[in-house]
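I opened this notebook page to look up charged side-chain pairs in a predicted model. My notes follow in the order in which I looked.

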2 protein chains.
Amino acid sequence: MTKHTASANIHWHNSVVTKQERQNLNGHKSCILWFTGLSGSGKSTLANALDKRLYEERINSFVLDGDNIRHGLNKDLGFKPEDRQENIRRIGEVSKLFVENGSIVLTAFVSPYRDDRQLARQMVDKEEFIEIYVQCPVEECEKRDPKGLYKKARKGEIPEFTGISAPYEEPVDPEITISSDRVSIEQSVEQIIGYLKDKGIIR
Amino acid sequence: MTKHTASANIHWHNSVVTKQERQNLNGHKSCILWFTGLSGSGKSTLANALDKRLYEERINSFVLDGDNIRHGLNKDLGFKPEDRQENIRRIGEVSKLFVENGSIVLTAFVSPYRDDRQLARQMVDKEEFIEIYVQCPVEECEKRDPKGLYKKARKGEIPEFTGISAPYEEPVDPEITISSDRVSIEQSVEQIIGYLKDKGIIR
């Protein structure tokens with residue numbers, strides 16, 4: 001029987017599996033694909049379509065979006081500015097854990113403020129954060145209104161609704177821009193896949 | 001060019017990759033291995049040793065512990081009871097995301113309260129939560145004192161220190177118990193690997 005001592009503990013702690021080793025096991029690098037854009041711009045749709053495509057290429061990827069975050073980890077948060085900021089901070093921290101695990105994590109949140117996105121960007125290495133601006137005129141988003149939120153916002157039922165009664169700060173220099181009113185989902189997926197291959201993140 | 005419509009969005013949303021599909025890709029099931037026990041009992045040491053072993057078997061696993069949670073996601077939390085509870089809640093929610101991603105996630109936190117562990121247990125399916133009680137007499141933990149925390153607690157520098165000035169509620173019916181003062185790390189790892197194989201979680 002081995003006696004545990006403090007030094008034995010330190011020895012074991014030194015043998016943790018590194019991010020690099022996990023990436024080698026997966027056969028690809030890990031990163032955050034940070035989708036940002038107005039409600040209805042197609043972030044979640046595009047993220048899930050890309051996730052499916054990555055899955056088919058046997059890549060370890062995962063989508064964080066309102067469905068699995070707002071009802072779970074962040075269910076204690078509302079929509080006032082400090083809560084929005086904390087929402088994005090936690091999403092950034094969870095994304096970082098997935099990057100450590102060797103995954104390509106796709107986050108699909110409006111994330112309207114530049115400072116908050118910048119905060120998330122700084123949590124990981126430079127080449128690990130890829131901001132994807134899903135650009136779409138607010139008129140088109142409102143026409144789509146897949147969740148009926150614009151209708152509610154116009155009635156005043158949702159205060160501080162991004163694009164209507166609260167600002168959306170466009171990315172200044174996003175790694176990728178998708179014009180979702182002009183380009184199909186299929187083409188958008190290919191554009192992002194091409195970027196990931198160019199950067200050597202996937203093969 | 002494809003026009004996006006609300007119905008097209010719904011179509012795409014329906015094609016999300018399921019947990020089952022991710023497990024199939026990985027070649028094993030996903031679950032939470034929830035290590036609980038006193039400070040110094042060897043939770044983190046054991047979790048990292050097991051993680052290394054799983055990695056060597058090409059299994060997608062990941063350790064959540066103080067190192068990557070307290071300084072990141074939960075750095076806004078202290079050690080008062082409501083913060084401890086929120087700490088465990090968030091760890092449970094993040095673990096659930098890793099389970100959705102098809103990973104075996106190992107959590108190594110004192111998690112002294114039964115109710116909090118029960119809360120985490122209820123976040124996932126019954127067979128996906130495996131509580132591992134790392135049992136060790138407090139006298140032995142204090143002798144090891146790898147982080148010097150017992151010394152500080154005895155001096156009164158850490159208020160409400162589990163096992164000294166705050167309670168540790170032992171698991172009533174944990175899936176696995178490890179007596180870390182009597183069994184080596186290597187043997188403990190084998191015990192857990194055996195359990196995972198018995199349950200069909202790994203092959």
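Entry 1. I began with one glutamate and asked whether Glu190(A) is buried, partly exposed or exposed. Because the relative accessibility of Glu190(A) is 42%, I entered this residue as partly exposed.

Entry 2. I then looked up the partner of this side chain and found that Glu190(A) forms a salt bridge with Arg53(A), with 2.2 Å between the closest N and O atoms. The pair ties together distant parts of chain A, since Glu190(A) lies in helix H9 (residues 185–198) and Arg53(A) in helix H3 (residues 43–56), 137 residues apart.

Entry 3. In chain B I noted a salt bridge between Glu57(B) and Arg53(B), whose closest N and O atoms are 2.8 Å apart. Glu57(B) has a relative accessibility of 32% and therefore counts as partly exposed.

Entry 4. I turned next to Glu93(B) and Arg89(B), whose side chains meet in a salt bridge at 4.0 Å, N to O. Both residues belong to helix H5 (residues 81–100) of chain B, and because they are four residues apart there, about one helical turn separates them. Glu93(B) is buried, its relative accessible area being 9%, and Arg89(B) also counts as buried, at 10% relative accessibility. Following shared partners, I found that salt bridges join these two residues into one network with Asp76(A), Glu86(A), Arg89(A), Arg90(A), Asp76(B), Glu86(B) and Arg90(B).

Entry 5. How many salt bridges does the structure hold over all chains? I recorded a total of 31.

Methods: Residues numbered from 1 in each chain as written. Chains lettered and ligands numbered in written order. Predicted model: local features only at pLDDT ≥ 70, side-chain atom pairs only at ≥ 80, totals over all residues. Heavy atoms only, no water. Helix = DSSP H or I, 4+ residues; strand = E, 2+ residues; numbered from the N terminus. Buried < 20%, exposed > 50% of the residue type's maximum accessible area, 1.4 Å probe, protein only.
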